[in-house]
Amino acid sequence: MNNLSEFCTCNDKACPLNPVNHDKGCSLCVAKCLKNGEIPNCFFKAVNSNEKPESYTYKDFADFVLKNRTKP
């Protein structure tokens, strides 16, 4: 297990891109997300770790942030 696998908040340990399954850290996941126009799961979890987004697009991330923001 590498240090980044301890940092990763993704619960999908079966995913071959998860850092617990290789020694390349987050690079493989981030590269896949960039290629597909997506935001990595860990960004959504940083906003709300209890809710799963419908999809991982940039727009869905923006909507997710607005939906989960704390209002003053």
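On a 1 Å grid over the protein atoms alone, a pocket is an open set of points where a 1.4 Å probe fits, with protein on both sides within 12 Å along at least five of seven lines, whereas a cavity is a set from which the probe cannot get out; lining residues have an atom within 4 Å of a point. Grid points are joined across faces, edges and corners, and a volume is the space filled by probe spheres set on the points. The model analysed here is predicted, so that local features need pLDDT of at least 70 and side-chain atom pairs count only at pLDDT 80 or more, while totals for chains, interfaces and linings use all residues. Residues are numbered from 1 along each chain as its sequence is written, and side-chain values use heavy atoms, with hydrogens and water left out.

The largest pocket holds about 330 Å³ of space. It is lined by 20 residues, of which Cys 10, Cys 29, Cys 33, Pro 40 and Asn 41 are the closest to its centre. Helices and strands were taken as DSSP runs (H or I, at least four residues, for helices; E, at least two, for strands), numbered from the N terminus. Helices α2 (27–36) and α3 (41–47) each contribute at least two residues to the lining of the largest pocket; the greatest contribution is that of α2, with four residues. For the classification of linings, Ala, Val, Leu, Ile, Met, Phe, Trp, Tyr, Cys and Pro count as nonpolar, Asp, Glu, Lys and Arg as charged, and the others, Gly among them, as polar. On this basis the lining of the largest pocket comprises 14 nonpolar, three polar and three charged residues.

The second largest pocket contains about 160 Å³ of space. Among the residues that line the second largest pocket are Cys 10, Asn 11, Asp 12, Asn 41, Phe 44, Lys 45 and Tyr 56. Its lining is divided into four nonpolar, four polar and four charged residues.

With respect to secondary structure, the chain has four helices and zero strands, and its pattern along the sequence is α-α-α-α. Relative accessible area was used to classify residues as buried (under 20%), exposed (over 50%) or partly exposed (in between), with a 1.4 Å probe and protein chains only. Of the 72 residues of the chain, 22% are buried by this criterion.

Four salt bridges are present in the structure, each defined as a side-chain nitrogen of Lys or Arg within 4 Å of a carboxyl oxygen of Asp or Glu. In general, side chains of opposite charge can pair when their charged atoms come close. Asp 63 and Lys 59 form one such bridge, with 2.6 Å between the closest N and O atoms. Both residues belong to helix α4 (residues 58–68), where they are four residues apart, about one turn of the helix. Asp 63 is partly exposed at 33% relative accessibility, whereas Lys 59 is exposed at 57%. A salt bridge also joins Glu 38 to Lys 32, with an N to O distance of 3.3 Å; Glu 38 is partly exposed at 21%, and Lys 32 is partly exposed at 34%. Lys 24 is paired with Asp 23, the closest N and O atoms being 4.0 Å apart. In that pair Lys 24 is partly exposed, at 49%, and Asp 23 is exposed, at 65%.

Surface patches were assembled from residues with over 30% relative accessible area and no salt bridge, like charges being joined within 9 Å and nonpolar side chains (Val, Leu, Ile, Met, Phe, Trp, Tyr) within 5 Å. Accessible areas were obtained by the Shrake-Rupley method with a 1.4 Å probe, and for residues only the protein chains shown count as cover. Val 30, Leu 34 and Tyr 58 constitute a nonpolar patch, with about 290 Å² of accessible area together. Tyr 58 is part of helix α4 and is partly exposed at 43% relative accessible area.

Pairs separated in sequence were also examined. Thr 9, in the loop between α1 (3–7) and α2, is partly exposed at 36%; its C-alpha atom is 5.6 Å from that of Cys 42, 33 residues apart in sequence. Val 20 is placed in the loop between α1 and α2, and a C-alpha separation of 8.6 Å relates Val 20 to Cys 8, twelve residues apart along the chain. Val 47, in helix α3, is partly exposed at 29%, and the C-alpha atoms of Val 47 and Lys 67, 20 residues apart along the chain, are 9.8 Å from each other.
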